[in-house]
Amino acid sequence: MIIVMNKDARHEDIENVLMLVQKLGLEFSILNNEEKTIILTQQSYDLNSDLIKALPKVEYVVTLNEDYKLVYKNINNLETKIKVGDCLIGGKEITFIAGPCSIESKEQLFKIANHLKNSGVKIIRAGAFKFRTSPYSFQGLGYKGLELLRELKEETGLYVISEILDHHDLPYFEKVVDILQIGARNMHNINLLKAVGESHLPVLLKRSYSATLKEFLFSAEYILMGGNKNVILCERGIRTFSDYTRNTLDISIVPAIKQRSHLPVIVDPSHATGKRDLVIPVSLAAIAAGADGLMVEVHHQPDLAYSDSEQAIRLEQFDELIRRSRKIAEAIGRKF
Ligand code: PEP
Ligand code: MN
């Protein structure tokens with residue numbers, strides 16, 4: 001069991017918890033994680049967690065009684081930080097990943113990426129292979145798109161993330177991208193999860209629009225089981241009866257995951273809302289809720305975008321997002 005004390009907990013509050021832990025006959029050790037005190041008990045499963053949760057200044061209690069073992073917070077792994085070049089995803093930092101939904105041409109990719117680079121973004125998102133609902137929609141530039149990403153990296157020093165649809169393409173992706181993206185529709189594709197689990201590259205796993213928290217974490221578990229510990233979880237909205245937005249952002253899954261798992265969580269406000277004018281407010285809410293970063297679709301001419309044109313924000317909107325996010329990040333003791 002992991003007992004995380006609130007950062008305002010006083011010595012008496014911690015003593016209070018320790019008294020109960022001892023009374024319950026649990027062996028324990030104490031860890032000071034940045035500003036918080038964490039009490040670890042040896043027993044992995046304990047029905048008494050409710051008693052502990054009820055004590056003052058106990059922020060939350062994690063009992064290790066779930067079926068997923070590797071994604072779960074454990075004594076040695078309270079928070080995974082994922083290194084992508086000189087960026088660290090997780091921890092105190094808020095990471096911004098931004099770029100077009102699809103790569104359309106060299107000019108389009110470079111124009112957007114160079115603007116974002118000047119705004120401080122280090123990781124560019126851009127789809128080469130697109131998983132489109134309609135077979136008549138733009139399917140992406142494929143390998144030509146990967147080649148453009150390679151040129152972008154070479155010329156700008158930016159890092160790139162792109163969605164992989166087929167595990168046979170892994171060798172091509174591994175030569176180019178810095179993070180492999182598994183799309184929402186492939187979250188249940190076990191063969192693909194196992195393949196990226198054997199890759200040396202970090203994986204950004206998007207939540208299926210119909211997946212429960214448990215199913216989402218089980219998919220991540222498949223990747224970790226392959227030996228790849230560098231998984232970033234991405235909430236991108238789920239399907240509900242609400243038809244005003246494209247999906248419904250499940251904001252509560254952000255703290256719910258962070259309480260259970262050591263993996264970083266980011267939010268995609270673009271697919272969550274489907275509407276460019278909602279992207280900034282929803283992004284601010286995601287940061288306030290504890291997300292470790294955002295993945296945002298940006299386009300220099302959104303109305304002309306080949307895919308997801310309604311949700312792509314304009315270049316200047318992205319700069320506004322950065323400005324406003326900084327204030328929220330500061331307010332909750334985070335930085336970027
Ligand atoms: C995307 O990121 O462009 C995408 C297709 O997202 P999702 O898999 O969440 O629908
Ligand atoms: Mn998209």
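Cys101 is tucked away: with a relative accessibility of 6%, it counts as buried. Here, buried means under 20% relative accessible area, exposed means over 50%, and partly exposed is in between (1.4 Å probe, protein chains only). His271 is buried too, at 8%.

Before going on, note that this is a predicted model, where local features need pLDDT of at least 70 and side-chain atom pairs count only at pLDDT 80 or more, while totals for chains, interfaces and linings use all residues. Residues are numbered from 1 along each chain as its sequence is written, chains are lettered from A and ligands numbered from 1 in the order in which they are written, and side-chain values use heavy atoms, with hydrogens and water left out.

**The metal site**

Which residues hold the manganese ion (ligand 2) as protein donors? They are Cys101 (SG), His271 (NE2), Glu297 (OE) and Asp308 (OD), at 2.0 to 2.4 Å from the ion. A donor is an N, O or S atom within 2.8 Å of the metal (3.2 Å for Na, K and Ca); water is not among the atoms, so sites may look incomplete. Along the chain, the donors are spaced as C-x169-H-x25-E-x10-D. Cys101 sits in the loop between strand E7 (95-99) and helix H3 (106-118), and His271 in helix H9 (residues 269-273), so this pair ties together parts that are 170 residues apart in sequence. Helices (H or I, at least four residues) and strands (E, at least two) are DSSP runs, numbered from the N terminus.

**Salt bridges**

How many salt bridges does a search of the whole structure find? It finds 20, each one being a side-chain nitrogen of Lys or Arg within 4 Å of a carboxyl oxygen of Asp or Glu. Here are three pairs:

| Pair | Closest N to O |
|---|---|
| Lys122 and Asp86 | 3.5 Å |
| Glu151 and Lys106 | 2.9 Å |
| Lys106 and Glu155 | 3.6 Å |

Take Lys122 and Asp86, which form a salt bridge. Lys122 is in the loop between H3 and strand E8 (123-125), and Asp86 in the loop between strand E5 (82-84) and strand E6 (87-89), so the pair ties together parts that are 36 residues apart in sequence. Lys122 is partly exposed at 39%, while Asp86 is exposed at 53%.

Now for Lys106, which pairs with Glu151. Glu151 lies in helix H4 (residues 143-156) and Lys106 in helix H3, so they tie together parts that are 45 residues apart in sequence. Lys106 is partly exposed, at 30%. Lys106 also meets Glu155 in a salt bridge. Glu155 is in helix H4, so that pair ties together parts that are 49 residues apart. Glu155 itself is exposed, at 53%. Elsewhere, Arg10, Glu12 and Asp13 are joined into one network by salt bridges that share partners.
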